[in-house]
Amino acid sequence: MTAPASPSGGHNPAAGTGAFGTAAADARPGPLKRLFHRLDDAVNPIVVKELRQAMHGRFVPIVFLLFLALALVTFIFAVIDADLGHPGAGFNAAVSLRVVLDIICLLALPLFIGMRLALERSDANTDLLFATTIPARRVIGGKALAGLILVALTYAACAPLILLTYLIGGVDMPSLLVSLALGLVTAGCAIMLMIFLASLTVNRIARVVLAIAAFIILLTLLHHSTGIFHAFEAGFNYLLLRRGLIAAFADSETVITATLALTYSLGIAVLMFLMAAAMIKPQSSNRALPVRIGITAFWIVQMLVAIILLWEVVEPMDAIDVGAVNAAGILSFILYFNILLLALAQWWAICERDEPGRRTGQTIPRNIPMRIAAFILYAGAAGGLVWTWLMIGLTFGGIWLIATQVAPANTWDGIVEERTVTAAAALAILLYAYAITALALHRGLLPKALRYEHTWGIALTLLALLCALPPVLATIIDPDQLRHAVEPPAWAAINPFVLPHESETFINRAIVINAVWAGAVTLIMLPWFYYRLRAFKPEQRG
């Protein structure tokens, strides 16, 4: 029955409190259901798609079943050895199970995740990545998270068997837990590496080369984790489980190595995530901004880690002379790593467009100081080169400040300054000379014959020619002079593979040669730099 109308002819207020009104009120979701709705909306659809397709396929279920069979057989043999009274049965079982686990998580699953993204990045399916409204970082993050979930499922199946080896004897529980945690981090880095390589836009020949390189890198990670190619004795897991957690980290060198390895593994994984997300964005977008911010943040983390290691590890655990050597090793590693990373960033920068896209131009600040900062961080070849040299200068300054103010005495004057700084400076100038020369050749001679994103090909061709031709020509013209030469020939100054290994006198001479080369090309490109800076203005909306 319907509610009676009101005497005034309007709607009866009581109608909303009848049966239908109560049903409508009851249909409203409660707080728990609203929470489930929010969680459902927060789930990355890429994760759901990847996991569903992985479970519906054949590769993942077959690999998972084979893995479980191998793990169970290994554990059964360990129990039999323990019953027969063999010493170290639990240790042997733990090492064997870790090998089986790492083969799946460091080799099979990363290759599977990378191949899936590579197929989506093929010429036939490339439009699928641009036809979605899902941001690029969620696409890459969803694929990485799906791979980590598959790794976690594998660990969930094998971890109980590995932990039960503690009851058999021969291993301690903290070592097992740390071994599993480090293996999980390594698997995540391997998955991120494959996703980054699969996201690169290259031709088929380059894809084959990248696939071979990726397979070699994964085998190297597997070897360092398990020592599978040297009877397991060279693997980190073997050493950790054999010596125990406390004994393994009793000396400062192990603590320093483990801290740097963990820091750089996580940092490089984050950078590969940012670069992979940038690679699948449209070319007109501001792809360089998150990458440059990420590298800058990682630079700050490296300096903080160096200070913490010097204060908390080197100073309390080492004598003065040993501490100076360890401090110099830390600072030298950080210096060379950042020089090479920023050199790669330079080669990335010369492949960027000169003008920002329309949407990027609308986000350029009108404030002059903020606009200069945006010019350095936004996508663009000119700003990218300025940013890399700003970061290189900060790297040398930060290393000098830490070596003189934080590190033990004699670290800078006695160890670091002799070769490391001069060799790193020569390498930085030389790699910049190749980058700016390739940029000048493209912008001046080949602007229409070659797209700007392929400028790295010019730099790579220059590097190959100038490294290969001089020694070949010198051997043909006068082989005796090259064989009996006391000083390295002049052409070694432009070879980045030879230069860091020469004497300090030759490196100083090479700095002058390469600085003249790079400076001359930079002077030629100054009008281009000035024009790019003047043209970097905010666009009008509408």
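**Salt bridges and a helix crossing**

Student: How exposed is Lys49?
Tutor: Lys49 is partly exposed, with a relative accessible area of 22%. Keep in mind that this is a predicted model.

Student: Okay, and what does the side chain of Lys49 meet?
Tutor: Lys49 meets Glu50 in a salt bridge, at 3.0 Å from N to O.

Student: Is Glu50 buried or exposed?
Tutor: Glu50 counts as buried, because its relative accessibility is 5% and the cut-off for buried is under 20%.

Student: Which lysine besides that one should I look at around Glu50?
Tutor: Try Lys143, which forms a salt bridge with Glu50. The closest N and O atoms of that pair are 2.5 Å apart.

Student: Where do those two sit in the chain?
Tutor: Lys143 is in helix H7, residues 136-168, and Glu50 is in helix H3, residues 45-56. They're 93 residues apart, so the pair links distant parts of the chain.

Student: And Lys143, buried or exposed?
Tutor: Lys143 is buried, with a relative accessible area of 4%.

Student: Switching spots: what does Glu352 pair with?
Tutor: Glu352 forms a salt bridge with Arg292, and their closest N and O atoms are 2.8 Å apart. Glu352 lies in the loop between helix H14 (320-349) and helix H15 (358-362), while Arg292 is in helix H13, residues 288-317. That pair also links distant parts of the chain, 60 residues apart.

Student: Are Glu352 and Arg292 buried or exposed?
Tutor: Both Glu352 and Arg292 are buried.

Student: Which residues get joined into a network?
Tutor: Lys49, Glu50, Arg116 and Lys143 do, through salt bridges that share partners.

Student: How many salt bridges are there in the whole structure?
Tutor: A search of the whole structure finds 6 salt bridges.

Student: New topic, helices. How do H17 and H21 pack?
Tutor: Helix H17 (residues 381-405) and helix H21 (residues 504-535) pack at an angle of about 105°, and their axes are 9 Å apart. That angle makes H17 roughly perpendicular to H21.

Student: Which residues make the contact?
Tutor: From H17, Ala381, Ala382, Leu385 and Val386; from H21, Trp528, Phe529 and Arg532.

Student: What classes of residue does that contact have?
Tutor: The contact of H17 with H21 has 6 nonpolar residues, no polar ones and 1 charged residue.

How values were computed. Residues are numbered from 1 along each chain as its sequence is written. This is a predicted model: local features need pLDDT of at least 70, side-chain atom pairs count only at pLDDT 80 or more; totals for chains, interfaces and linings use all residues. Side-chain values use heavy atoms; hydrogens and water are left out. Axes are lines fitted to C-alpha atoms, for helices over the stretch in contact, and angles run from 0 to 180 degrees between N-to-C directions. Helices (H or I, at least four residues) and strands (E, at least two) are DSSP runs, numbered from the N terminus. Angles under 35 degrees count as roughly parallel, over 145 as roughly antiparallel, 65 to 115 as roughly perpendicular and the rest as oblique. Contact means heavy atoms within 4.5 Å. Ala, Val, Leu, Ile, Met, Phe, Trp, Tyr, Cys and Pro count as nonpolar, Asp, Glu, Lys and Arg as charged, and the others, Gly among them, as polar. A salt bridge is a side-chain nitrogen of Lys or Arg within 4 Å of a carboxyl oxygen of Asp or Glu. Buried means under 20% relative accessible area, exposed over 50%, partly exposed in between (1.4 Å probe, protein chains only).
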